[in-house]
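User: I am new to this structure and would like to know how its descriptions are reached. Please explain the terms as they come up.

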Amino acid sequence: MPELPEVETIRRGLVKKILNKKIVHVQVYHHTSVGNVKTKFVQALTGNSIAAIERRGKLMVFQLKKGTKSVLAHLKMTGQLIYEREIKKRVELVAGGHKLSESDIENLPNKHTRVALVFSDGGQLFFNDMRIFGYMKLADAPVVAKVLQNFGPEPFSKAFTFFYFSLLFIKRSRALVKALLLNQELVAGLGNIYADEVCFCAGVRPMRRAGDVTKAEQKKLFDCIPKILKEALFHRGTTFRNFLDSSGRKGNYTDFLRVYDRDGEPCKKCGTIIKKTRVAGRGTHFCPTCQK
DNA sequence: GTGTTTGTTATCAA
DNA sequence: CTTGATAACAAACA
């Protein structure tokens with residue numbers, strides 16, 4: 001589940017790898033992944049290059065150099081954006097005895113590859129997406145602006161203030177804390193993993209009503225959001241199932257998770273067995289002792 | 001065959 | 001119109 005730390009890890013990797021490189025070939029293996037406009041997609045990208053890569057929440061915006069259009073890339077649940085250098089260099093690396101990850105050795109494209117971009121230096125960017133929820137879609141400036149407008153503040157930005165955050169608990173007093181954290185229009189970038197981790201960090205149960213959360217607890221949640229996300233970003237994200245970064249490497253935050261996917265295991269803080277339940281339609285993990 | 005996984009959106013009720 | 005709850009989507013795996 002690529003959430004803010006995973007998407008940001010990918011974005012930073014891609015900035016180093018593909019920025020301003022000429023796209024010489026575009027292969028679309030699955031037309032719905034590009035919004036059913038395969039021909040337009042190929043035409044807009046071929047001969048063009050990516051001038052900037054921005055991120056808003058879990059959405060990446062690839063700004064094209066020629067023209068005013070951008071490509072909106074959303075990985076949803078199982079999307080990957082993996083860059084590989086030309087085959088020759090990979091063979092040399094293997095011959096040189098360097099350790100490579102599974103996906104470096106794996107042959108791309110594979111059966112889940114939906115789009116491939118080939119650059120003039122021989123590098124290739126593969127968009128893999130097992131479940132086909134994700135997309136790479138062309139969008140002109142007004143559409144991009146409209147889409148970005150629907151996002152709440154970035155947790156690392158100045159716009160994310162405690163004044164704003166605490167107001168949410170009044171305006172959305174009947175919502176569950178978990179639902180509030182997952183709502184991209186309120187706060188951008190949290191998904192199922194980090195919503196649970198933030199709740200543990202703050203000592204608040206995810207199934208509480210926002211209106212019942214005290215100011216002190218709101219403050220803890222507010223402080224925990226950037227804290228947990230920064231921690232995860234430092235470790236290059238969490239690989240629960242599908243996540244790989246732009247080099248095909250797994251995220252290292254998996255070992256640091258306190259509650260997510262740890263049901264039946266002892267709490268790292270108090271030893272109580274972590275429980276799993278369903279909140280806001282999602283699998284939800286919490287420590288019955290540490291979280292009130 | 002069944003249940004489960006989740007980001008987002010559609011749909012419905014209040 | 002707003003808010004909140006829930007189903008649906010899609011593919012793979014235990």
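Analyst: What follows takes up some helix packings, a buried residue and the nonpolar cores of this predicted model.

User: What makes Ile228 buried or exposed?

Analyst: Ile228 has a relative accessibility of 1%. Buried means under 20% relative accessible area, so Ile228 counts as buried. Its place is in helix H9.

User: Which residues does Ile228 touch, leaving aside those up to four places away in sequence?

Analyst: Ile228 touches Tyr194, Glu197, Val198, Cys201, Tyr253 and Arg258. Contact here means heavy atoms within 4.5 Å.

User: Why is H8 called oblique to H9?

Analyst: H8 and H9 pack at an angle of about 125°, with their axes 8 Å apart. Angles of 65 to 115 degrees count as roughly perpendicular and those over 145 as roughly antiparallel. An angle of about 125° falls in neither range, so H8 is oblique to H9. The crossing of H8 and H9 is right-handed.

User: Which residues of H8 make that contact, and what classes are found in it?

Analyst: From H8 come Tyr194, Glu197, Val198, Cys199, Cys201 and Ala202. They meet H9 residues including Leu221, Ile225, Ile228 and Ala232. By class, the contact of H8 with H9 has eleven nonpolar, no polar and three charged residues.

User: How do you know that H8 is mostly covered?

Analyst: Ten of the eleven residues of H8 are buried. Among them are Ile193, Tyr194, Val198 and Phe200. The buried residues of H8 pack against helix H1 (4-18), H7, H9 and strand S10 (282-286). Just after H8, Gly203 takes a positive phi of about 70°.

User: Why are H6 and H9 called oblique too?

Analyst: The axes of helix H6 (residues 162-171) and helix H9 (residues 215-234) come within 10 Å and cross at roughly 125°. That value lies outside the ranges for roughly perpendicular and roughly antiparallel, so H6 and H9 are oblique to each other. Their crossing is right-handed. In H6, Phe162, Phe165, Ser166 and Phe169 meet H9 residues, including Gln218, Leu221 and Phe222. The residues of this contact divide into six nonpolar, two polar and two charged.

User: What makes the packing of H1 and H9 oblique?

Analyst: The axes of H1 and H9 come within 9 Å and cross at roughly 40°. Angles under 35 degrees count as roughly parallel, and roughly perpendicular begins at 65. The crossing of roughly 40° lies between these limits, so H1 is oblique to H9. H1 passes H9 in a right-handed crossing. Leu4, Pro5, Glu8, Thr9 and Arg12 in H1 meet Leu229, Ala232 and Leu233 in H9.

User: What makes a set of residues a nonpolar core, and how many residues has the largest?

Analyst: The members must be buried, be of the listed nonpolar kinds, and be joined through side-chain atoms within 4.5 Å. The largest nonpolar core has 31 residues. Those with the most contacts inside it are Phe165, Leu181, Tyr194, Val198, Leu221 and Ile225. H6, helix H7 (177-182), helix H8 (192-202) and H9 each give two or more residues to this core. H9 gives the most, with seven residues. A second, separate core of 27 residues includes Leu14, Val26, Ile50 and Phe119.

User: Which residues is Phe165 in contact with, leaving aside its neighbours within four places in sequence?

Analyst: Phe165 is in contact with Phe160, Leu181, Val187, Gln218, Leu221, Phe222 and Ile225.

Definitions and conventions:
Residues are numbered from 1 along each chain as its sequence is written. Chains are lettered from A and ligands numbered from 1 in the order in which they are written. This is a predicted model: local features need pLDDT of at least 70, side-chain atom pairs count only at pLDDT 80 or more; totals for chains, interfaces and linings use all residues. Side-chain values use heavy atoms; hydrogens and water are left out. Axes are lines fitted to C-alpha atoms, for helices over the stretch in contact, and angles run from 0 to 180 degrees between N-to-C directions. Helices (H or I, at least four residues) and strands (E, at least two) are DSSP runs, numbered from the N terminus. A crossing is left-handed if the near helix is turned anticlockwise from the far one by less than a right angle, and right-handed if clockwise. Ala, Val, Leu, Ile, Met, Phe, Trp, Tyr, Cys and Pro count as nonpolar, Asp, Glu, Lys and Arg as charged, and the others, Gly among them, as polar. Buried means under 20% relative accessible area, exposed over 50%, partly exposed in between (1.4 Å probe, protein chains only).
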